[in-house]
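Let's take a walk through a protein together, one stop at a time. Have the sequence and the 3D view ready, and follow along.

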Amino acid sequence: MIRLRGVAKRYGAAVALHPTDLDVARGETVALLGTSGGGKSTLVRSVLRLIVPDAGTVTVDGTEVTAATVGAVRRRAGYVIQGGGLFPHLTGRENAALVPRHLGWDAARLGGRLEELAELVRLDRALLDRFPAELSGGQRQRVALLRALVLGPDLLLLDEPLGALDPVTREALQSDLRRLITDLGATVLLVTHDLREAAVLADRVGVMDGGRIVQRGTLSEIADAPATPFVEAFVEAQRYALP
Ligand code: ADP
Ligand code: MG
């Protein structure tokens with residue numbers, strides 16, 4: 001469903017992403033792992049042209065994502081950009097309501113959906129009436145996730161969606177998110193540093209280093225036979241988190 005072919009991005013002389021191929025099948029969750037600066041966000045953002053790649057093609061359900069088609073792809077996808085990306089001058093509720101209102105949802109439908117999702121992301125509903133600056137990092141992330149899920153999308157792009165959460169809330173949300181992804185039958189491209197999160201959520205993983213996916217496979221394949229010293233160090237640092 002998501003297909004990248006030769007997607008590349010550089011900033012001046014610095015290569016953020018070498019030409020990269022990636023397929024995420026319908027209903028599959030792929031997690032991109034690695035340390036900071038590896039190119040994970042660049043890759044994910046390329047899918048929705050939040051970054052315009054220098055080369056290569058991105059296809060979603062057979063349609064090439066171009067300047068002309070990206071609007072439709074963004075409207076059907078749920079996405080959380082790294083750091084949340086909430087509009088600071090809108091409350092959480094208003095942030096989440098933007099697209100549904102545009103699509104003509106009435107207040108009752110919207111209210112019901114927001115209640116349901118607040119429970120799902122384990123957020124006190126009263127916090128939805130605060131502005132992003134009035135929330136903790138973890139609360140902001142849950143509002144961003146809620147906003148991404150509001151339309152019940154079957155395509156999700158999640159860049160460290162749970163990164164700012166405390167370990168207890170994070171673990172609970174990982175399981176909730178797994179259930180939700182299964183219920184939606186969603187196709188998911190996820191970025192995480194957290195091997196446990198990848199273990200709970202991802203069918204396959206790709207480890208990124210220096211703007212390349214240096215190893216792909218299931219998490220256990222990668223943990224059992226790291227392909228590079230980088231992958232080995234990355235796995236060893238979190239081996240305690242593996243199932
Ligand atoms: P990750 O998400 O894995 O931490 P990124 O995709 O954000 O990595 O970044 C990959 C590389 O590209 C990094 O070296 C980063 O500094 C560089 N980079 C990202 N965005 C920009 C930008 N707007 N200008 C210059 N360099 C950038
Ligand atoms: Mg990133």
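Let's begin at the ligand. A backbone N or O atom of glycine 37 sits 2.7 Å from an oxygen atom of ligand 1. Glycine 38 also joins in, with a backbone N or O atom 3.1 Å from a ligand oxygen. Serine 41 uses its side chain instead: a polar atom there lies 2.9 Å from an oxygen of ligand 1. The protein covers 56% of the 560 Å² of accessible area that ligand 1 has on its own. Keep in mind as you look around that this is a predicted model.

Now look at who else surrounds ligand 1: the residues there include Tyr11, Ala16, Thr35 and Lys40. Sorted by class, this shell has two nonpolar, seven polar and one charged residues. Which helix gives the largest share of the shell? That would be helix α1, residues 40-47, which supplies three residues.

So, what is α1 itself like? Seven of its eight residues are buried, so the helix is largely enclosed by the rest of the structure. Among the buried ones are Leu43, Val44 and Val47. Serine 46 belongs to this helix too, and it counts as buried because its relative accessibility is 1%, with the cut-off for buried being under 20%. Its side chain reaches the backbone oxygen of threonine 42 at 2.6 Å. After α1 comes arginine 49, whose phi is positive, near 55°.

For another buried side chain with polar partners, jump to glutamine 215 in strand β10, residues 212-217. Glutamine 215 has a relative accessible area of 12%, so it is buried. A polar atom of its side chain lies 2.9 Å from the backbone oxygen of alanine 225, and a polar side-chain atom of glutamine 215 is 2.7 Å from the backbone nitrogen of alanine 227.

Next, let's compare two nonpolar residues. Buried or partly exposed: what is valine 73? With a relative accessible area of 7%, valine 73 is buried; you'll find it in helix α2, residues 70-76. Leucine 98, in helix α3 (residues 92-102), is partly exposed at 39%. C-alpha to C-alpha, valine 73 and leucine 98 are 17 Å apart in space, and they are 25 residues apart in sequence. Leucine 98 also helps make a nonpolar surface patch of about 330 Å², together with Phe87, Val99 and Leu103.

Our last stop is charge. Side chains of opposite charge can pair when their charged atoms come close. Searching the whole structure turns up 15 salt bridges. In one of them, aspartate 61 pairs with arginine 26, with the closest N and O atoms 3.4 Å apart. This pair links distant parts of the chain, 35 residues apart: aspartate 61 is in the loop between β4 and β5, and arginine 26 is in the loop between β2 and β3. Aspartate 61 is partly exposed at 33%, while arginine 26 is exposed at 58%. Both belong to a network of salt bridges that links Arg26, Asp61, Arg76 and Asp154.

Arginine 93 and aspartate 129 meet in a salt bridge as well, at 2.8 Å from N to O. Here, arginine 93 in helix α3 is linked to aspartate 129 in the loop between α4 and α5, 36 residues apart. Finally, arginine 239 forms a salt bridge with glutamate 236, their closest N and O atoms being 2.9 Å apart. Arginine 239 is partly exposed at 35%, and glutamate 236 is partly exposed at 42%.

Methods: Residues numbered from 1 in each chain as written. Chains lettered and ligands numbered in written order. Predicted model: local features only at pLDDT ≥ 70, side-chain atom pairs only at ≥ 80, totals over all residues. Heavy atoms only, no water. Near = heavy atom within 4 Å. Polar contact = N/O pair within 3.5 Å; in protein donor to acceptor, adjacent residues only side chain to side chain. Areas by Shrake-Rupley, 256 points an atom, 1.4 Å probe, with all protein chains shown as cover. Helix = DSSP H or I, 4+ residues; strand = E, 2+ residues; numbered from the N terminus. Nonpolar A, V, L, I, M, F, W, Y, C, P; charged D, E, K, R; others polar. Patch = residues over 30% accessible without salt bridge, like charges linked within 9 Å, V, L, I, M, F, W, Y side chains within 5 Å. Salt bridge = Lys/Arg side-chain N within 4 Å of Asp/Glu carboxyl O. Buried < 20%, exposed > 50% of the residue type's maximum accessible area, 1.4 Å probe, protein only.
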